[in-house]
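Please open the model in a viewer and follow the selections below in order.

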Amino acid sequence: MAAPALLPASEPPIIEPGSFRDPAGGVVLQGGRVFRYFSGTAGTEFLRLLDAPWFGELIRAGGVVESWPLARAQAPALYALAPEITAVVEHPRIPFVSYAYEWPFQMLRAAALHQLEVTSRALANGHMVKDATPYNVQFTGTRPVFLDAGSFERHTAGEGWRAYAQFCRMFLNPLYLQAYGGIAFQPWLRSSLEGIDTDTVRGLLPLRAKLRWAVFMDVVLQSVLNRRFAKNERALRSLANRTIPDDVVRGMLARMTRTVERTRRGRGSSAWVDYEQTKAHYSAEADAYKEAYVRRTMERDRPGTVLDLGCNTGQFSLIAAGLADHVVAVDSDEASVDALFLRARASHPNILPLVMDLTNPSPDQGWAQAERRGFAQRAEADLALCLALIHHVAISGNVPFGRFVDWLASVARTAIVEFVPKSDPMVERLLFTRKDVYAGYTQKHFEAALAGRFTIVERSALPAGGRVLYTVGRL
């Protein structure tokens, strides 16, 4: 596929803030499109790689991002970004960029297997993937794709797999932490963009986990060796210069693949996983009415991108996926989001499920607080679904209606919002353990807050119970 014509020069290229670490190239954004440049010999090497049959097969299978080369005459502004640029390619834009600290267990596991598959394919064809980080993998819905075209390099026999330790920190240790320690990895990855070191995981895992052969090899033994070599510079230098046969590397990649395949999430279920089947506060009539309302609104408006905020296990995400191009489904309950990933992968692969507390969404972070963008910086949806959400935000999170509506207007043009009154059993349950200081939690105040940022297009009461659905459009 040939790249489309370049945008007018009036739209200047902007270097992506998170792509500065590789001295051989970087990512550039221009008018909603994504380009990558290569410097020096890296440009020639990548263009040669694009012609390799095995690499073309990976691209056609969707395993590696497509790349469309641009001649200097086609992209003068991009080639002019630096004097040493020797190649520029265009990539398709990922519908929604997400990060490993927002993924449920099964998504990180799928990304790890994809990283290992791409690395193994590269090694089998005389190349190596020099990095092993989930930030080089993105999901288009539930499908992982390897993005970092600049990460491929010619392999030198005997050099080994230098990214092994990084793979452990970024993929394996987080999976072990949750599978065998019952500890959610998302807060750890969010607080440490370089992953979780083996000493930390070794200290957190119980003894029975450390006695597993894979955990002993990748965590306990690696931790012991790291401590030993840290005190012995001569041994560390000898290790760095040691020749490692390619057969050993292939065996290591095969072992890691088997290990990840056998690793299962260890956290038990949650009260919210069964919510869709056990929500006794809803009558069957009210639930059917709500589904019909959402379906009818979406059939009328046909949004391209939908945010399902507070998605649980995806009842409405699945409806939206049949009527929209992309659905980003968000919930703070990791077990529910994990279940949705497996559910969507089988039937609705245009759903991207993410783990996130909406009262504390992912912030801008990394170098200069610009390397990894916050959730609101990435989210710009045609429609947001906020169903059975507002009472959790306003009462559990103590977020006033006005602040919630302001934030909602920053991430979506239109929304379907469900108001849940104080008389509802779910709100009563929230108030069991806290003093009711929420005098402003009324339908009147909620509508006033909506009117400050949105036009109320439609208002419809659910059968019985007092819940009300609103369709709103941003002013």
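Select Cys-168 in this predicted model: Cys-168 has a relative accessible area of 0%, and because the limit for a buried residue is under 20%, Cys-168 is buried.

Next, select Cys-386. Is this residue buried or exposed? Cys-386 counts as buried, at 1% relative accessibility. Cys-386 takes part in no disulfide, and the nearest cysteine sulfur, belonging to Cys-311, lies 12 Å away. In the structure as a whole, the number of disulfides is zero.

From Cys-386, move to Leu-408, which touches Cys-386 as well as Leu-309, Ala-384, Ala-415, Val-417 and Phe-454, leaving aside residues up to four places away in sequence. Leu-408 also belongs to the largest nonpolar core, a set of 104 residues. Add Phe-55, Phe-152, Trp-161, Phe-167 and Tyr-441 to the selection; together with Leu-408, they touch the most other members of that core. Then colour helix H5, residues 164–181, which supplies the largest share of this core with eleven residues. A second core, separate from that one, has 23 residues, including Val-306, Leu-323, Leu-385 and Leu-462.

Finally, display helix H1 (residues 41–50) with helix H2 (residues 53–60). The axes of H1 and H2 are 7 Å apart and cross at an angle of about 75 degrees, so H1 is roughly perpendicular to H2. Which residues meet here? From H1 come Phe-46, Leu-49 and Leu-50, and from H2 come Trp-54, Phe-55 and Ile-59. The residues of this contact comprise six nonpolar, no polar and no charged.

Conventions. Residues are numbered from 1 along each chain as its sequence is written. This is a predicted model: local features need pLDDT of at least 70, side-chain atom pairs count only at pLDDT 80 or more; totals for chains, interfaces and linings use all residues. Side-chain values use heavy atoms; hydrogens and water are left out. A nonpolar core is a set of buried Ala, Val, Leu, Ile, Met, Phe, Trp, Tyr and Cys residues joined through side-chain atoms within 4.5 Å. Buried means under 20% relative accessible area, exposed over 50%, partly exposed in between (1.4 Å probe, protein chains only). Helices (H or I, at least four residues) and strands (E, at least two) are DSSP runs, numbered from the N terminus. Contact means heavy atoms within 4.5 Å. A disulfide is a pair of cysteine sulfur atoms within 2.5 Å. Axes are lines fitted to C-alpha atoms, for helices over the stretch in contact, and angles run from 0 to 180 degrees between N-to-C directions. Angles under 35 degrees count as roughly parallel, over 145 as roughly antiparallel, 65 to 115 as roughly perpendicular and the rest as oblique. Ala, Val, Leu, Ile, Met, Phe, Trp, Tyr, Cys and Pro count as nonpolar, Asp, Glu, Lys and Arg as charged, and the others, Gly among them, as polar.
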